[in-house]
Amino acid sequence: MKKSFLQSLGPGLLFAGAAIGVSHLVQSTKAGAEFGFGLLWALLLIHIIKYPFFQFGPRYAAATGETLLDGYRKLGKGVLAIYYILNFATMFTIQAAVTIVTAGLASKIFGFTNNLVIWSTILMAISIVILLIGKYKLLDNLMKYIIITLTISTVAAVSVALFSSKEAFDVIQILPSGSVEVTFMIAFLGWMPTSLDISIWHSIWSVEKSKNTLTKIKPKDAIFDFNVGYIGTLILGVCFVLLGTLVMYKSGETFSNKGVEFASQLINLYTKNLGDFSYVFIALAAFTTMFSTTLTTLDASPRAMNRSSKLLFDKQFKFGYWFWIFFLFIGTIIILQFFLANMGSLIKIATILSFLTAPFYAIMNYLLITGKHTPKEHQPKIFIRILSIAGIVFLIGFSIWFLSSI
């Protein structure tokens, strides 16, 4: 029974591996450090708002045996073309954002060089080798251990911080008003728990798992797998806000925008509470988390571009997946050359772009899962439909609010 349960988990944990990265290690921790518990409402709200649209990825894949990209093509070639352009416009910045954080951690932990472009090149090269050798199966198996390790270390750190804190709890919630606060809020929500296009990646991984296991995944099992990963991202998001609050809020210390300094501050959040003896364990857990995000992103974006290219141009590209991997690799290195001095700006750009494109993915996923291309018996119930419509209104309204505030 235990083996069956572990085997049933896969794409949901890959989703968690992709999600628990910059949004948690960087944005959630900064939210706690700068606003205390004031943005917990936003953290919880955005998980509720985005839930249906992420869930529609594995739901559609299990119901039809196809990826969301196949569904977008059925909605119209124009829909797929919009996705193609959006993904092409954002994938380099997103890859750069997650890789530079991983590089900062690697530099702090392993030394060797402080040049983050060199570290980024090494990390992406290692990722490419892993994908070349292990492909989806290795990703699937590796992620189970990564998520377990991160969860144990994070919950332990938060527990110790809670018991050792002498500060009175101030749980007053706030609504950011200034342009700087609003910009941070959008960046925070943009990648919390992650950007909505990850629903497409999830559907691709679900189809890949079916191919690897040679069994058709039932929609009920696919949704359960997703829920495990999604709830995990929520719990860890709260944990990182708590850590930022308990250790840095009102301390006068702020996070650096430089990769190596930020990595030091991040690791110290843990070791300050657990003790110096835990440095190696915590540092490796943080690094492994970000490396998993770098790895999953480097795998998923090329898969998505390769599949959408085939559907858009009605042509099979023999080495399309590998073409897009190396194209993404080169483009990311070029971007890092320009943004190396200010990691914070890079992450802010990536997260804001993710939030502003969220309404498109929300609307397309909803139209697809409730339309004729999804079997009636696998379409969402009325509650999820209402939540979806409310979510679409929220995402559009919040985007308009942001654009009018800058």
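This tour visits aromatic contacts in a predicted model. A search of the whole structure finds 28 aromatic pairs, and the stops below include two of them, a cluster and a charge over a ring.

**First stop: Y51 and Y230.** Select both residues and display their rings. The ring centres lie 5.4 Å apart and the planes meet at 65 degrees; an angle over 60 counts as edge-to-face, so the pair of Y51 and Y230 is edge-to-face. Colouring by helix shows that this pair joins distant parts of the chain: Y51 belongs to helix α4 (residues 40–64) and Y230 to helix α10 (residues 219–248), with the two positions 179 residues apart in numbering. Both Y51 and Y230 are buried.

**Second stop: F110 and F287.** Select these two phenylalanines next. Their rings also form an edge-to-face pair, at 5.3 Å from centre to centre and with 85 degrees between the planes. Here too, distant parts of the chain are linked, as F110 is in helix α6 (residues 77–110) and F287 is in helix α12 (residues 279–313), 177 residues apart. Turn on the surface to compare the partners: F110 is partly exposed, at 43% relative accessible area, whereas F287 is buried, at 11%.

**Third stop: an aromatic cluster.** Select Y84, F88, F92, F313, F323, W324 and F327 together; these residues make up one aromatic cluster.

**Last stop: R303 and Y321.** Which ring lies under the charged end of R303? Select Y321 along with R303: the charged end of the arginine sits over the tyrosine ring, 5.0 Å from the ring centre.

Terms used. Residues numbered from 1 in each chain as written. Predicted model: local features only at pLDDT ≥ 70, side-chain atom pairs only at ≥ 80, totals over all residues. Heavy atoms only, no water. Phe/Tyr/Trp six-rings, centres within 6.5 Å; stacked < 30°, edge-to-face > 60°. Helix = DSSP H or I, 4+ residues; strand = E, 2+ residues; numbered from the N terminus. Buried < 20%, exposed > 50% of the residue type's maximum accessible area, 1.4 Å probe, protein only. Lys NZ or Arg CZ within 6 Å of the ring centre and 35° of its normal.
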